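Biologist: Please take a close look at one part of this protein for me. I would like a connected account of a sheet and the helices on it.

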Amino acid sequence: MVPAESASIPHFDAIVLHMKSYDSPVDGKSSFQIEMSEIRSLLSATTSRSLVLIDEICRGTETAKGTCIAGSIVETLDAVGCLGIVSTHLHGIFELPLQTRNTVYKSMSAEYIDGQTMPTWKLVDGICKQSLAFETAQREGVPDTVVKRAEELYHSVYVNDMPLKVIAPLDLKDDLNVNGGNEVASRTIGMASQKDILKGKVQRVVSAICKKKFMELNKLGDTSEVTDLKFISIGVREQPPPSTIGVSSVYVMLRPDKRLYVGETDDLQGRIQAHRAKDGMQSAIFISFLVQGKSIACQLETLLINQLPKQGFHLANIADGKHRNFGTNDTILKAATV
């Protein structure tokens, strides 16, 4: 039973379902061979009037090639025009230049209940590139030492990958020299887009400002004693990861008009959805970082609102910084550039 007052239910000529495949020793076939055999049958039988359901596509082979096969299958189904759902944890598929017209992206939402992040089993618009893997492993009794070590490995390899690959390292004076103009842009590597360049600039300046503030709050002697901020990058069609649910965070929205919006929240997903619901903001991207408590988040929010314009950035909500006096003193930046 579906809880609805009314519904428009199409007539399907076939309902095609593909679930996880298993090895077949009798036939001498691996799980991926079995899956490809089933996919062949699925593609040959699907029409524009079919309902296609594929769970965890192409997981039985090497990740890069499996991702590309999955992308090609999605393109094929899109061209056929069928209705369907294809689920995957192959997040690389979202980076492929897929030629689709009818495909939309959804992700599973989550909520914070009794100290745990739990799935809601509801789909929301956008892509989420993180899972509840660590939370699930812990909940199912995997030893804490194993889960914690997995988290350490994850953060050491995957968390801050974008900015480090796009922008060459700068010293602290460069971090705070946005008005210097082309110094940052001239040191980009690869084929970084203008949006990537701006995001790299914002991230480094935000990091320098906040590390200086953390140094003062913790009475440390130098910013080198402050742990690096772990930024979370949220692209155009993406949703924030489950790790942000129920936790205070500070975020910067990079608007399509190249102005910035600085905010703090305990509900990053809801705040991002609210921003994107406004006209012209659908292509906005975000960077954020988690902090310990709303008080610190509020201080850093106002600090950034007051200091970022002094570094050449244009803010959409600069008036929001006037309700507190945090960050109005230029000595924060003067000390950071010594």
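What follows goes from the sheet to the helices and then to one cysteine.

Modeller: A caution before the details: this is a predicted model. The protein has eleven helices and nine strands. It has 338 residues, and 39% of them count as buried. Take the contacts between residues at least 6 apart in sequence: 63% of these join residues at least 24 apart.

Now the sheet. It is open and has four strands, in the order β6-β9-β7-β8. Pairing is antiparallel. β6 (232–234) and β8 (260–265) are the edge strands, each pairing on one side only. On average, neighbouring strands of this sheet are turned by 20 degrees against each other, direction ignored.

Walk across it from β6. Three bridges pair β6 with β9 (residues 285–290), in the antiparallel sense. I232 has S288 of β9 as its bridge partner. Next, β9 pairs with β7 over six bridges, again antiparallel. Here V250 is matched with F289 of β9 as its bridge partner. Then β7 joins β8 through six bridges, and these two strands also run antiparallel. V252 has its bridge partner in β8, namely V262. β7 and β8 form a hairpin, with five residues between them. In the turn, K258 has a positive phi of about 70 degrees.

β7 (249–254) deserves a closer look. Six of its six residues are buried, so β7 is largely enclosed by the rest of the structure. Both faces are covered. S249, Y251 and M253 are buried on one side. V250, V252 and L254 are buried on the other.

Next, the helices. α8 (residues 194–217) lies across β6, β7, β8 and β9. It runs at about 25 degrees to β9. α10 (residues 294–307) lies across β7, β8 and β9. Its direction is about 170 degrees to β8. Both α8 and α10 therefore lie across β7, the strand that is largely enclosed by the rest of the structure.

The two helices also pack on each other. Two packed helices are described by the angle between their axes and the distance between the axes. For α8 and α10 the angle is about 130 degrees, and the axes are 10 Å apart. Because of that angle, α8 is oblique to α10. The crossing is right-handed. From α8, the contact takes in V206, I209, C210, K213, F214 and L217. From α10, it takes in I296, Q299, L300, L303, L304 and Q307. By class, the residues of this contact divide into nine nonpolar, two polar and one charged.

Last, the cysteine. C298 lies in α10. Its relative accessible area is 11%, and because the cut-off for buried is under 20%, C298 counts as buried. C298 and E264 are 34 residues apart in sequence. In space, they are 6.4 Å apart, C-alpha to C-alpha. E264 falls within the span of β8 (260–265), and α10, the helix that holds C298, lies across β8.

How values were computed. Residues are numbered from 1 along each chain as its sequence is written. This is a predicted model: local features need pLDDT of at least 70, side-chain atom pairs count only at pLDDT 80 or more; totals for chains, interfaces and linings use all residues. Side-chain values use heavy atoms; hydrogens and water are left out. Buried means under 20% relative accessible area, exposed over 50%, partly exposed in between (1.4 Å probe, protein chains only). Axes are lines fitted to C-alpha atoms, for helices over the stretch in contact, and angles run from 0 to 180 degrees between N-to-C directions. Angles under 35 degrees count as roughly parallel, over 145 as roughly antiparallel, 65 to 115 as roughly perpendicular and the rest as oblique. A crossing is left-handed if the near helix is turned anticlockwise from the far one by less than a right angle, and right-handed if clockwise. Contact means heavy atoms within 4.5 Å. Ala, Val, Leu, Ile, Met, Phe, Trp, Tyr, Cys and Pro count as nonpolar, Asp, Glu, Lys and Arg as charged, and the others, Gly among them, as polar. Two strands pair if DSSP finds at least two bridges between them.
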